[in-house]
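Biologist: I would like a close look at a single part of this model, the metal site. Please take it slowly and keep it to what the coordinates support.

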Amino acid sequence: MKIDLHNHSYYSDGVLSPTEVVNLAKQEGCDIFSLTDHDTTDGLLEAQKQADEVGLKLVHGVEISAMWSNMTIHILGLNVDINNPIFQAGLKQHQDFRQLRAEKMARGLGGAGVFSALEKVKVVAKKGMITRTHFAQMLIQEGVCKDMRSVFKRFLTGKKPGGVGGQWAQFDEVIGWIHAAGGKAVLAHPLRYRMTNTKIKRLLSHLSGAGLDGVEVVTGSSSKDEITLVSQWATQFDLLVSSGSDYHGWPNQRTRIGRLHDMPNVNQTVWKDW
Ligand SMILES: [Zn+2]
Ligand SMILES: [Zn+2]
């Protein structure tokens, strides 16, 4: 079985349309596929239409930012009922914050000599949502920075001109939204946060206590050793395991839809009942 439960379209910070992403998943031979845009399910209608058209099993998903111990983490909501009002009210709160953050970031950049940043970034973001990645792309296009790394270093983090801290809902609240919609809450890419392994284990322990269902064991960039490590944690904290590429379609991203290492055969998978 080929399973990829973590992908983005241009409804958040991906490059391709939901139709194009679904077509790629079909071409790669995915058996189960999920579109998980940041804090929005708006791309799923189009994705579902195309999935029906080409005969692909689409799991309705989302990737929600959340606060844990003053840090931003990402929690996937998989197999959610996108019509649930509690769930959508939560996402709306995050969409509103993203709008506000974009305005603040643009003001900060204006102070550093990058003018009309909001107007310019709106051209880069194909749909309504503006992410930090869009700001980064805009700054590179404008010739202000040469690559993503320097953009984030010079402009978009901490006390830099475009740095605005995340004000997302707390992790337990986010898990609550996902459960209200009947979905599974899964911690995304546990090794991508700037945390020591000890701290990641504390994170998993807290989240598991708050009802987290699973953890992403296999990601598009995982090495075999990393997969072994995270699958051991999944067992330790009694979590289901998940697998997803985090495909965005960026030109410099080597990740491909459905090109993932196998899941070690030690835990229960998040998709076992689907
Ligand atoms: Zn993420
Ligand atoms: Zn993602």
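How are the donor residues of the zinc ion (ligand 2) spaced in sequence?

Modeller: This is a predicted model, and what follows should be read as such. The donor residues of the zinc ion (ligand 2) follow the spacing H-x1-H-x54-E-x182-D. In the site itself, these are His6 and His8, each through NE2, Glu63 through OE and Asp246 through OD, with distances of 2.1 to 2.2 Å. The angles among the 4 donor atoms run from 84 to 173°. A tetrahedral label would need all angles between 85 and 135 degrees, and a square planar one needs opposite donors over 155 degrees apart with all others between 65 and 115. The site of the zinc ion (ligand 2) is classed as irregular. Water is not among the atoms, so the site may look incomplete.

Glu63 also serves a second metal: this residue bridges the zinc ion (ligand 2) and the zinc ion (ligand 1), and the two ions are 3.5 Å apart. The pair of His6 and Glu63 joins distant parts of the chain, 57 residues apart. His6 sits in the loop between strand E1 (3–4) and helix H1 (18–27), while Glu63 belongs to strand E3 (residues 57–68). His6 has a relative accessible area of 0%, so it is buried. Glu63 counts as buried because its relative accessibility is 1%.

Turning to the nonpolar surroundings, the largest nonpolar core has 62 residues, of which Phe33, Ile73, Ile75, Leu187 and Leu207 touch the most other members. The most is given to this core by E3, with 6 residues. Leaving out residues up to four places away in sequence, Leu207 is in contact with Trp68, Ile73, Ile75, Phe171, Ile175, Leu187 and Leu212. Another core, of 20 residues, lies apart from the largest one; Met105, Leu109, Ala117 and Met138 are among its members. In soluble globular proteins, nonpolar side chains tend to be buried together.

One further residue deserves a mention, for its polar contacts. Asn84 is in the loop between strand E4 (71–78) and helix H3 (85–111). With 13% relative accessibility, Asn84 counts as buried because the limit is under 20%. A polar atom of the Asn84 side chain lies 3.0 Å from the backbone nitrogen of Ile86, and the Asn84 side chain also reaches the backbone nitrogen of Phe87 at 3.0 Å. Not counting residues up to four places away in sequence, Asn84 touches Ala180 and Ala181.

Methods: Residues are numbered from 1 along each chain as its sequence is written. Chains are lettered from A and ligands numbered from 1 in the order in which they are written. This is a predicted model: local features need pLDDT of at least 70, side-chain atom pairs count only at pLDDT 80 or more; totals for chains, interfaces and linings use all residues. Side-chain values use heavy atoms; hydrogens and water are left out. Donors are N, O and S atoms within 2.8 Å of the metal (3.2 Å for Na, K and Ca); water is not among the atoms, so sites may look incomplete. Four donors count as tetrahedral if all angles lie between 85 and 135 degrees; four count as square planar and six as octahedral if opposite donors are over 155 degrees apart and all others between 65 and 115; anything else is irregular. Helices (H or I, at least four residues) and strands (E, at least two) are DSSP runs, numbered from the N terminus. Buried means under 20% relative accessible area, exposed over 50%, partly exposed in between (1.4 Å probe, protein chains only). A nonpolar core is a set of buried Ala, Val, Leu, Ile, Met, Phe, Trp, Tyr and Cys residues joined through side-chain atoms within 4.5 Å. Contact means heavy atoms within 4.5 Å. A polar contact is a pair of N or O atoms within 3.5 Å; within protein, one must be able to donate a hydrogen and the other to accept it, and residues adjacent in sequence count only if both atoms are side-chain atoms.
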